[in-house]
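Please look over the sequence and the structure below before reading on. The paragraphs that follow lead through the fold, one part at a time.

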Amino acid sequence: MDPNSAANHRKPLPEWLLVAAAVLMAAGVVWFDQRLPVTTRATAVSGLLTESPSTAVPSVAPPIHAGLEAFKLAFAGLIGALVSAVHRRHPGDKPISRSLAQAQILLCVAGALMMIIINDSLARALGIAGGATIVRFRTPVEDPKDSTVLFLLLGLGMASGLGEFSVAGLGTAFLCLCLPLLDRVVERRPRTMMLEMVSAAPEFPVEYVHRLLAAYQVRFESRSVSQQGQKTTARYYCTLDPDTPLQRLSEQLTDSQVEGLKSVSWETQKKE
């Protein structure tokens, strides 16, 4: 396998296509939403707030329509997938892991699902809030940008669950446009990372690794090479562009057509 052509192997969708899809989705949702009849409904909470205790009549929560609720969940999943795909091309100081990208999509769907379950019920809202305190997230998100995107995705999912498709669509398009623009406004410095590779064979594929890193314009220095039994571990100190697709590079380093590497890991390092 030629490393010079590896950079084009499994090339993801172009970024402009993802942003255009988000904008077209927002325009289509706004166009469709403006043609729906405007309906109003009194909720149990608003009734308790506006009426006196003596005259307040408990309101009945509107029925749940399976088709509409399924569309809300699917729409939230589409929002999460679009934003996650754009965000992975414009990460913060650390590359976005596969688990974080999946969590972004699931969090957006979770926001929509929570609003569907609440369904104008104050008791359900309190129940979900109480249940959420039981969950313990022991993997903190260190990058403030990633935390902010997760928070925005939760809000977009909640808007989708409420049926505010225009707000959710416009918010998605705005967020997909903001992520690339932020990288052009704020100065981005090269990243320094420690690359650790483990070879399943005693012979480490040095030439293939060096040519592949050079194809991605990664500057590297060999720091250590150790051998334990049939395994060889090599560590490289790398300086690379912030837009370098680490996941794609790691997949090509561990390509099944190339014998040798079985695992690759990246660790952010401070500049020396």
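How many aromatic pairs does the count come to? In this predicted model, the count comes to four. One of them joins F75 and F165: the ring centres are 5.5 Å apart and the planes stand at 90 degrees, so this pair is edge-to-face. Because F75 belongs to helix α4 and F165 to helix α8, the pair ties together parts that are 90 residues apart in sequence. F75 and F165 are both buried. Together with F71, these two residues form one aromatic cluster.

Another aromatic pair consists of F220 and Y236, which is also edge-to-face, with 5.8 Å from centre to centre and 70 degrees between the planes. Here the link runs between two strands: F220 is in β2 (residues 219-228) and Y236 is in β3 (residues 231-240), and the two residues are 16 apart. How does each of them stand with respect to the surface? Residues count as buried under 20% relative accessible area and as exposed over 50%, with partly exposed in between. F220 has a relative accessibility of 26%, so F220 counts as partly exposed. Y236 has 3%, so Y236 counts as buried.

Now return to helix α8, the home of F165. This helix covers residues 165-185, which makes 21 residues. From the first C-alpha to the last, α8 reaches 30 Å, close to the 30 Å expected at 1.5 Å a residue. Its buried residues include F165, A168, L175, L179 and D183. Which helices do the buried residues of α8 pack against? They pack against α2 (15-34), α4 (66-89) and α7 (144-161).

Helix α8 also contains L177. With a relative accessibility of 39%, L177 counts as partly exposed, because this value falls between the limits for buried and exposed. L177 forms a nonpolar patch on the surface with V23 and L181, and the three have about 250 Å² of accessible area together.

Finally, consider the protein chain as a whole. The chain has 10 helices and four strands. Starting at the N terminus, their order is α-α-α-α-α-α-α-α-β-α-β-β-α-β. Of the 272 residues, 35% are buried. Among contacts with a separation of 6 or more, 79% are between residues 24 or more positions apart. The accessible surface of the chain comes to about 16,500 Å², and carbon and sulfur atoms account for 62% of this area.

Methods:
Residues are numbered from 1 along each chain as its sequence is written. This is a predicted model: local features need pLDDT of at least 70, side-chain atom pairs count only at pLDDT 80 or more; totals for chains, interfaces and linings use all residues. Side-chain values use heavy atoms; hydrogens and water are left out. The expected span of a helix is 1.5 Å times one less than its number of residues. Buried means under 20% relative accessible area, exposed over 50%, partly exposed in between (1.4 Å probe, protein chains only). Contact means heavy atoms within 4.5 Å. Rings of Phe, Tyr and Trp (its six-membered ring) pair if their centres lie within 6.5 Å; planes under 30 degrees apart count as stacked, over 60 as edge-to-face and the rest as tilted. Patches are made of residues with over 30% relative accessible area and no salt bridge: like charges are joined within 9 Å, nonpolar side chains (Val, Leu, Ile, Met, Phe, Trp, Tyr) within 5 Å. Accessible areas come from the Shrake-Rupley method with a 1.4 Å probe; for residues, only the protein chains shown count as cover. A salt bridge is a side-chain nitrogen of Lys or Arg within 4 Å of a carboxyl oxygen of Asp or Glu.
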